[in-house]
Amino acid sequence: MPSNVVTPEFLQALRNAEPVLWLRPGPEDCRVDAPAETGLTTDQIAAAQARFDRFAPLLAELFPELQDSGGVIESPLSRTPKMQAALGLPEAQGTLWIKSDHALPVAGSIKARGGIHEVLEFAESVALREGLIQSGDDYRKLATPTARACFARYQVAVGSTGNLGLSIGVMASALGFRAAVHMSADAKAWKKARLRARGVEVVEHSGDYERAVAAGRAQVQADPHGYFVDDERSVSLFMGYAAAALRLRAQLDAARIRVDAQHPLFVYLPCGVGGAPGGIAYGLRQVLGEHVHCFFAEPVQSPCFLVRMMAGHGQLPGLPAAPSVYDVGLHNRTEADGLAVPRASELAYSAVGGMLSGVYTVADQTLFDDLIRLHDTEGIRIEPSAAAGFSGPRHICLSTAGQAYLAEHGLLAQMPQSTHLVWTTGGLFVPDEEYAHFLNRR
Ligand SMILES: *Cc1c(COP(=O)(O)O)cnc(C)c1O
């Protein structure tokens, strides 16, 4: 069978919202719609990292929780042997690690990377233009009343299912900007309350994520001092995520984890619009090379990146080139609010669609099962979206399709010394009461 054909059974399972594992067919970058020139460069990853460094002293001053790290917003890399056993992943299949972005300070989710980077980039450009700082200055100058009064003339806005709004809203208002977050109907009440407590304007919309984004964009267009963070198209967001790869490389070195032909690294990334996992996958491939195998994880009802990948390989004839999950008959309702996105980012698709290893989907109940497992075995607290990565090792190591991937890439003999890195993407600020509800979903 030519590799751009999927079986009728696969399509039926996708439409029935059953969990599937889809593998990108053919050699790297064999999409039907070859990617438009994205204009992305490796230099931008280093530039994002350097920007975080320039702002670190200021952030340490603005956020007490960043004092110990000197203003660095980073999460630990840890081994989770009890979770590995609970998942039924034999040691002969490699070692399970987690990248704990659920614990990222300030934003409480992976959005601390992209969202905060974009607010910092905007603040830097305003500050330079308005003469608040010169290049090479100590950015702590931006905490003075004069600088804050200047920032207060500007508005930063975003459309979000919740977590992006939290990161943009909290950072923008901490710097003194006016901040507005347009929330979709599926956004959780506690996320709205947390933003309002920080002086962020929360605008609620009855529609889905795409509607909230459109409303936010329209509002800012009417404001000459308005700046809109575009989750679907922003290079700044993307590079904020990509910078994670530089930090991870140092953490892997410190943990003596090698990544080469003999030591493959499998990375499992929960995917909404695709910006966060896309940026990170892009960064990892640039920084660590081809022995990194990236898989995106999506809810069974919201597999927007999966349908985009399939369409790119001519596997969804009759549908638009950039289809939504509604086009395949799914409804986009899921408890994984951070992943409830109907259509993938074209920027993310162009950047990583050609080198992503595959995409798999996860049922909501499995998200809760893994969330509870992680709580019971390791005492780690995450939100449902952040649990999507844990289905990855099962899909890759314990399914027929996964075994076929490993065989095709000559990886079977390397599995004992392989690393499975599950990216846990959010959870730090989930209120106790909410978390208790998650634990009741056994
Ligand atoms: C936003 C988010 C993601 C995915 O990021 P996208 O850029 O939307 O793909 C994953 N997990 C959590 C918890 C998130 O908030």
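Begin by selecting residues 73-392, the span that an unreviewed UniProt entry annotates as "domain: Tryptophan synthase beta chain-like PALP". In this predicted model, the span is 42% helix and 15% strand, and the C-alpha atoms at its two ends lie 26 Å apart.

Next, turn to the aromatic rings, of which the structure holds 13 pairs. One of them joins Phe55 and Tyr139, which meet edge-to-face, with 4.8 Å from centre to centre and 85° between the planes. Because Phe55 belongs to helix 2 (residues 42-62) while Tyr139 lies in the loop between helix 4 (111-129) and helix 5 (145-151), this pair ties together parts that are 84 residues apart in sequence. Both Phe55 and Tyr139 are buried.

Now select Phe122, Phe151, Tyr154, Phe177 and Tyr227 together, and you will see a cluster that is linked by ring pairs.

Two arginines come next, each with its charged end over a ring. Arg194 places its charged end over the ring of Phe429, 3.6 Å from the ring centre, and Arg308 does so over the ring of Tyr349, at 3.9 Å from the centre.

Finish with the cysteines: how many disulfides does a search of the whole structure find? The search finds zero, and two residues help to show why, given that a disulfide needs two cysteine sulfur atoms within 2.5 Å. For Cys294, the closest cysteine sulfur is that of Cys271, 12 Å away and therefore too far for a bond. For Cys304, the closest is again in Cys271, at 5.3 Å, which is also too far for a bond. Cys294 counts as buried at 1% relative accessibility, and Cys304 is buried with a relative accessible area of 0%.

How values were computed. Residues numbered from 1 in each chain as written. Predicted model: local features only at pLDDT ≥ 70, side-chain atom pairs only at ≥ 80, totals over all residues. Heavy atoms only, no water. Buried < 20%, exposed > 50% of the residue type's maximum accessible area, 1.4 Å probe, protein only. UniProt positions renumbered as here; feature names shortened; annotations may be inferred. Helix = DSSP H or I, 4+ residues; strand = E, 2+ residues; numbered from the N terminus. Phe/Tyr/Trp six-rings, centres within 6.5 Å; stacked < 30°, edge-to-face > 60°. Lys NZ or Arg CZ within 6 Å of the ring centre and 35° of its normal.
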